[in-house]
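I opened the model and kept notes as I went. The entries follow in the order of my look-ups.

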Amino acid sequence: MNEIIEQLVELQEIDLKIDQIDNDIKAEQEELDQRIAELEQRQNRIGEQEARITELEKERRTLEDEMTDKIAHVKERQSKMMQVQTSREQTALLKEIEDAKKNAKENEDKIVAIMEEVERLNASMTEEKNLLKAEKELLTEAREKVSGAIDDLNKGKKTKLNRREKQAEAINGSMIRKYELLRSRRSGLAIVNVLQGVCQGCFMNLPPQQFNRLLRGDQILECPSCQRLLYHQRQDEE
């Protein structure tokens, strides 16, 4: 294999390991971010429940005041029953009393429904708060664990970056620039093996003549389809 190609293959192996470390760091951070987002969602749900309870309690107090007024009105109208002079006045007064009682009963039913809703929301909110407390404790542990894991990954990355720098210095500048450009445009793979005449980057067949030139190993060749740099190494040699 051409010496420059060997250097590039080794450089790419280092770069792929660095890429994997970056992906691992990203995965660790994303998992932590997801847990933080879920915790924030639970906090928001608790806030919404608290606001709803406050709203319902306000509505309940209004209904209670109205019901007190209606009951007082019923009593006041009942006291006047003894003073009516005609059956027509009595009928009108009875209707007024019945309507007031009906309205008071409707208020009472609404108050009961509100109290049941508040009880349900309080139970749900208590459960959410207990879960939130437990999740906060777990999140604190997770933050420490992820921080430690990322520190370890960064230490490994630093070692590989130092090794990469030395490896890159051994390769001429124009070839490095070409390698970097290909990596940026070809999903991190600038140089690929060719097996049985097939480029392992784009999986297209090489022209037979070009494959024969590649087998001689004395030239730097590009895939005519994906333009990646090529080398040949049998699978049992990898």
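**Entry 1: Arg 77 and Val 74**

I started at Arg 77, which I found in helix α1. I take helices (H or I, at least four residues) and strands (E, at least two) as DSSP runs, numbered from the N terminus. Before going on, I note that this is a predicted model: local features need pLDDT of at least 70, side-chain atom pairs count only at pLDDT 80 or more, and totals for chains, interfaces and linings use all residues. Residues are numbered from 1 along each chain as its sequence is written, and side-chain values use heavy atoms, with hydrogens and water left out.

Is Arg 77 buried or exposed? Arg 77 is buried, because its relative accessible area is 15%. My cut-offs are under 20% relative accessible area for buried, over 50% for exposed, and partly exposed in between (1.4 Å probe, protein chains only). I then listed what Arg 77 touches, not counting residues up to four places away in sequence: Leu 93, Glu 96 and Ile 97. Contact here means heavy atoms within 4.5 Å.

Val 74 is also in helix α1. Its relative accessibility is 7%, so Val 74 counts as buried. Leaving aside neighbours within four places in sequence, I found Val 74 in contact with Ile 97, Ala 100 and Lys 101. Ile 97 is thus on the list for Val 74 and on the list for Arg 77.

I also took a distance along the helix. Val 74 and Glu 3 are 71 residues apart along the chain, and their C-alpha atoms are separated by 105 Å.

**Entry 2: Gln 12**

Next I went to Gln 12 in helix α1, which covers residues 3-79. Gln 12 has a relative accessible area of 7%, so I logged Gln 12 as buried. Which residues does Gln 12 contact, leaving aside its neighbours within four places in sequence? I read off Tyr 179, Arg 183, Gly 188, Leu 189, Ala 190 and Ile 191.

**Entry 3: the whole chain**

I stepped back to the fold. I counted four helices and three strands. From the N terminus on, the elements run α-α-α-β-β-α-β.

The C-alpha trace spans about 125 × 40 × 30 Å along its principal axes. The chain has a radius of gyration of 40 Å, whereas a compact globule of 238 residues would have one near 18 Å. That radius is taken over C-alpha atoms, and the globule rule is 2.2 Å times the number of residues to the power 0.38.

Of the 238 residues, 31% count as buried. Of the contacts between residues at least 6 apart in sequence, 72% join residues at least 24 apart. I noted an exposed area of about 15,900 Å², with carbon and sulfur atoms supplying 48% of it. Accessible areas come from the Shrake-Rupley method with a 1.4 Å probe; for residues, only the protein chains shown count as cover.

**Entry 4: annotated spans**

I checked the UniProt record, an unreviewed entry. It lists a "coiled-coil region" at residues 11-145. In the model that span is 95% helix and 0% strand, with end C-alpha atoms 31 Å apart. The record also gives "domain: CT398-like coiled coil hairpin" for residues 11-185. I found that span to be 94% helix and 0% strand, with its end C-alpha atoms 17 Å apart.

UniProt lists "domain: C4-type zinc ribbon" at residues 198-230. Here the chain is 27% helix and 12% strand, and the end C-alpha atoms are 10 Å apart. I keep in mind that UniProt positions are in the numbering used here, feature names are shortened, and annotations may be inferred rather than shown by experiment.

**Entry 5: two loops**

Glu 222 is in the loop between α4 (208-216) and β3 (229-231). Its relative accessible area is 31%, so Glu 222 is partly exposed. Not counting residues up to four places away in sequence, Glu 222 touches Lys 178, Gln 210, Gln 227, Arg 228, Leu 229 and Leu 230.

Gln 227 is in the loop between α4 and β3. At 33% relative accessibility, Gln 227 counts as partly exposed. I flagged its phi, near 65°, a positive value in a residue other than glycine. Most residues other than glycine have a negative phi.

Gln 196 sits in the loop between β1 (191-195) and β2 (198-199). Its phi is also positive, near 50°. Gln 196 counts as exposed, because its relative accessibility is 77%.
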